[in-house]
Amino acid sequence: MDLFDNIKKQISSLLNEKKMSFSKIEPEASEIAIYTNDPYSFFSNKTIVGEIADKFKKRINIRTEKSSLMDSAEAYNKIKEIIPEDAGIKSIAFDGVFSEVVIEADKPGVVIGKQGDVSKSIIKETKWIPKILRAPLEPSEIIKKIRGYAIKNNTERRQFLKEVAKKIYSPPVSNKEWVRMTALGGFREVGRSAILLETPDTKILLDCGINPADKNEEAPFFGVIRFPLDELDAVVITHAHIDHVGFLPYLFRAGYRGPVYCTEPTKDIMALLLLDAISVSEKTGREALYGEEDVKEVIKHCITKNFREVTDIAPGIRLTFHNSAHILGSASAHLHIGDGKHNLVYSADIKYGFTRLYNNMDANYPRVDTLILESTYGGKPLNPSRNKSEDRLIEVLNETHDKGGITLIPVFSVGRAQEVMIVLEEYFRRGKLKAENVFIDGMTREASLIHTVYPEYLKMNIKTRVLQNNSPFSSKLFRSVDYEENSRENVLNSPGSIIIASSGMLTGGPSVAYFNELADNPNNSLVFVGYQARNSLGQKVQKGLKSMIINDSKGKTKTLNVNLRIETIDAFSGHAYRQELLNYVTSLNPKPKTILVNHGDSCPEFARFVAKKFHINTLSIQNLESVRLR
Ligand SMILES: [Zn+2]
Ligand SMILES: [Zn+2]
């Protein structure tokens, strides 16, 4: 590990020069751990850590030597004493491997204190380094579970980070330079997004999804991977939607044990959706592609990065995530390859326009030679007005309420669900929504709670409400469907109410169960607020399907007549409309030399359109095709 030894030497002499006491310096994937018996000296003198981080462009973690740590029972009492009462501590857990004390609290700011003084006194008194997590606004099983996975396996985790570092710092074997990408899925279609990126020294997978709408074309073309999986250096996940992560546990089942790079919220939502996919499969009697133990492996191998944090992921390859404003924690990936000889931006799913939840997309990349651009709405010239669409939604809901009908809104439980909930909550507060009950079924409640754990990823006004414990998602308007008072049966007997249920394309889950019960009554309504993929039941219904054969609750087949009112309201989409996609390309400066269009039903048409408009070489390749980028 020559490259790291060199960094180590430089840091050592810097620390010696400043008379800082340390015992060893170790790599933790691309980050650097400095071990010491005196952690407080590093935290009371922040400039030295900042200086090293700046110089090497790496995150620096200060770790206490085990022998210096205060006994955990004693430290527990001490920490309780130090942290002010109003922090609302939910749990304190000790992680001896990383010398961290994980503190979950309602108000993380209070645990940190002014200029970090509370945290610093914990370090001074106990030598444990606080890692502070925000508690969800209501108890969440899934968040508890994921946070549990993290702590239990840290000896293994440290070994894993060392292995990753070994790869990152290994010197290049080849003096040839080329970059190639291969489309494994998600090209000329929406679903199973996966791209293989190769250089002579590295192999990286960008996204690893499934196609939820088509069981025959579910998996990406992994047959083209003709190398052992341990040659794969890294998997980069842009966001937690199933069409970008659904196949990832299967990769672990097949033996992959390398890193998965994603943002912190993506890790949580991914766990939620992957575990949910198992239970949906079980309920429909289909064998799941993977089990909970595989999801656990995925989570254990995640290395999370913030937006705009530059990180080495393989020899000569640097990754930076940029906010893509599509769902919580969603990112575009910028890859700086071979000392910047080639710069690739993979837009992944983007919203280059208004959303109520997320800050504007960040399209400010240092350099871009090739852009891989999503085009979900590239084939449609529509550009709906958000205000008019919100009014229209409320109109449909109120008309259905007046007729004593029920409105079903099938949603993706992450993103669209929260966007719609925020609108309903606002109109309800203003007295413009007639319904008094909005029932939430599926993963939406848990997904909304994950939003309350990461307020820094939300727009200012929503963030402020979450921080004031006044989250729109906790409004009394919303009721979670359960097995008691709000059972599905009771929900179906509540005329005038609204149901928000996943999945968004009627491809399984509670939305289909409700649809089967509500479809034949013309007083009911079905409102689509998101994209409906080819071959999904949602798209068939949207296009006017009048009847279908289903299994009733007793397993008997029957004919279901579709008589309910069907409406599509487009403006809630988390995808950029065609004009927004064009605005995005316009905003890029300098312009990419090549654009590869993917993630859409009309990729070739949209590619021609872009080529003509911008005079940029624009391609719409098919799955299984490779392109040499350099
Ligand atoms: Zn998506
Ligand atoms: Zn997608």
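The following exchange between a colleague and a modeller goes through the domains, cores, sheets and helix packing of a predicted model.

Residues are numbered from 1 along each chain as its sequence is written, while chains are lettered from A and ligands numbered from 1 in the order in which they are written. Because the model is predicted, local features need pLDDT of at least 70 and side-chain atom pairs count only at pLDDT 80 or more, whereas totals for chains, interfaces and linings use all residues.

Colleague: Into which domains is the protein divided, and how far apart do the C-alpha centres of domain 1 and domain 4 lie?
Modeller: The bounds come from an automatic or database domain assignment, which gives domain 1 (2-67), domain 2 (71-135), domain 3 (156-380 + 575-628) and domain 4 (386-568). Between the C-alpha centres of domain 1 and domain 4 the distance is 51 Å.

Colleague: Between which domains does the largest nonpolar core lie?
Modeller: A nonpolar core is a set of buried Ala, Val, Leu, Ile, Met, Phe, Trp, Tyr and Cys residues joined through C-beta atoms within 7 Å, and a residue is buried if 20 or more other C-beta atoms lie within 10 Å of its own, exposed if 12 or fewer, and partly exposed in between, with C-beta atoms placed from the backbone. The largest such core has 154 residues, of which I195, L273, V420, I499 and I500 touch the most other members. Its largest share, 9 residues, comes from helix α11 (residues 264-283), where helices (H or I, at least four residues) and strands (E, at least two) are DSSP runs numbered from the N terminus. Because residues are given by both, the core lies between domain 3 (156-380 + 575-628) and domain 4 (386-568).

Colleague: Which residues does I500 touch, leaving aside those up to four places away in sequence?
Modeller: Two residues are in contact if their C-beta atoms, placed from the backbone, lie within 7 Å. With residues up to four places away in sequence not counted, I500 touches I409, V411, A417, V420, M421, V438, I440 and T444.

Colleague: How many residues does the second, separate core have?
Modeller: Among the members of this second core are I52, V111, I122 and A135. The number of its residues is 22.

Colleague: Which strands stand at the edges of the open sheet in the order β1-β2-β3?
Modeller: Two strands pair if DSSP finds at least two bridges between them, and in this sheet of 3 strands the pairing is mixed. Strand β2 (residues 31-36) runs parallel to β3 and is joined to β3 by 5 bridges, with I34 opposite I62 in β3. One side of each edge strand is left without a neighbour in the sheet, because each has a single partner strand, and these are β1 (24-28) and β3 (60-64).

Colleague: Is the contact between α11 and helix α12 (residues 292-300) roughly parallel or antiparallel?
Modeller: Axes are lines fitted to C-alpha atoms, for helices over the stretch in contact, and angles run from 0 to 180 degrees between N-to-C directions; here the axes are 10 Å apart and the angle is about 170°. Angles under 35 degrees count as roughly parallel, over 145 as roughly antiparallel, 65 to 115 as roughly perpendicular and the rest as oblique. The helix α11 is therefore, with respect to α12, roughly antiparallel.

Colleague: How do helix α14 (residues 416-429) and helix α15 (residues 444-453) lie, and which residues make the contact?
Modeller: Their axes come within 10 Å and cross at roughly 80°, which means that α14 is roughly perpendicular to α15. The contact is made by A417, Q418 and M421 of α14 and by T444, A447, S448 and H451 of α15.

Colleague: How many residues of strand β15 (residues 331-337) are buried, and which way do they point?
Modeller: From β15, A331, A333, L335 and I337 point one way, whereas S332, H334 and H336 point the other way, and all are buried. The strand is thus mostly covered, the number of buried residues being 7 of 7.

Colleague: Which residue in the turn of the hairpin formed by β15 and β16 has a positive phi?
Modeller: β15 and strand β16 (residues 342-346) pair in the antiparallel sense over 5 bridges, and A333 stands opposite Y346 in β16. With 4 residues between the two strands, the turn includes a positive phi of about 55° at G338.

Colleague: Is H615 buried or exposed?
Modeller: H615 lies in the loop between α21 (603-614) and β27 (617-619). Because H615 has 9 C-beta neighbours inside 10 Å, this residue counts as exposed.
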